[in-house]
Amino acid sequence: KFFHLALGLTKDCTLGCLYCHANAGKREEMSIELLYKTIHYAFETAQKDNLKGINISFAVGGEPTTNWELFTSCIRRIKESETLYGIPVHLSMTTNGYYGLNKRIFIAGHVQSVLLSLDGPPEIQNYHRPSLSGKESYPVVRDSALFFIKNVRSFVIRATISNHSVKKMPEIVEFFSKEFGNQYHLV
């Protein structure tokens, strides 16, 4: 009853995670032409098949906000198409949250469901997920978590567990509870 479109805008990322599956630091991204054709196809198909709506996720590849212009152009095109076709859209994204307030505000204004990758307390997050320059990522990602908890409809924290952190899982859960309360899901 719904069309689902998973968009991988880029393979690039702003973090240098130890277990990276993307290509952090390498500019590999979807062309704007392909992106717009993909969005058009989703709306045309949903209309032709008389579907109830379109679920669009930014959940594959690297960090979707790495190329901010591409990300915002994509959101604008989706919103324009939603109005033009009269087909409701639910936007979701997986993100590392390593960005400032202006990006958080834009995301919260357009994306209904946010899954934030946050691996645990500062010592675990900063070890697993440092910035590309080797700086701590925890303070920035923490601020993103606190913002999204209050400003998006559905918020999830996803903690990746490694050999380094597997024995600390109870501590991680307890830390999240103390740090962020209980207004989110943890996976």
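This is a short walk through the structure, from its overall build down to one residue.

The model is predicted. It holds 6 helices and 6 strands. Follow the chain from the N terminus, and the elements come in the order β-α-β-α-β-α-β-α-α-β-α-β. A strand opens the series, and a strand ends it. Between the fourth and fifth strands sit two helices in a row.

Next comes overall size. The C-alpha atoms fill a box of roughly 50 × 35 × 30 Å along the principal axes. For 187 residues, a compact globule would have a radius of gyration near 16 Å. The protein has 17 Å, so the value agrees with that of a compact globule.

What about the inside? Buried residues make up 46% of the 187 residues. Contacts tell of links along the chain. Take those between residues at least 6 apart in sequence: 72% of them join residues at least 24 apart.

Now the outside. The protein exposes about 9700 Å². Carbon and sulfur atoms supply 53% of that area. The protein carries 21 positive and 17 negative charges. The mean positions of the two groups are 3 Å apart.

With the overall view in place, turn to the strands. Strand E2 spans residues 53-58. Is E2 enclosed or open? Of its 6 residues, 5 are buried, so E2 is largely enclosed by the rest of the structure. The cut-off behind this is simple: a residue counts as buried when its relative accessible area is under 20%.

E2 has strand partners. One is strand E1, residues 2-6. E1 and E2 run parallel, and 5 bridges join them. Within this pairing, Leu5 has Ile56 of E2 as its bridge partner. Another partner is strand E3, residues 89-95. E2 and E3 also run parallel, again with 5 bridges. Here Asn55 stands opposite His90 in E3. E2 is thus paired with E1 and with E3.

Last, look at a helix. Helix H2 covers residues 68-85, and Ser81 is found in it. Is Ser81 buried or exposed? Its relative accessible area is 9%, so Ser81 is buried. Which residues does Ser81 touch, leaving aside neighbours within four places in sequence? Ser81 is in contact with Ile39, Phe43 and Gly86.

To recap, the chain brings together 6 helices and 6 strands. E2 pairs in parallel with E1 and with E3. In helix H2, Ser81 is buried.

Terms used. Residues are numbered from 1 along each chain as its sequence is written. This is a predicted model: local features need pLDDT of at least 70, side-chain atom pairs count only at pLDDT 80 or more; totals for chains, interfaces and linings use all residues. Side-chain values use heavy atoms; hydrogens and water are left out. Helices (H or I, at least four residues) and strands (E, at least two) are DSSP runs, numbered from the N terminus. The radius of gyration is taken over C-alpha atoms; the globule rule is 2.2 Å times the number of residues to the power 0.38. Buried means under 20% relative accessible area, exposed over 50%, partly exposed in between (1.4 Å probe, protein chains only). Contact means heavy atoms within 4.5 Å. Accessible areas come from the Shrake-Rupley method with a 1.4 Å probe; for residues, only the protein chains shown count as cover. Lys and Arg count as positive and Asp and Glu as negative; His and the chain ends are not counted. The place of a charge is taken as NZ of Lys, CZ of Arg, CG of Asp or CD of Glu. Two strands pair if DSSP finds at least two bridges between them.
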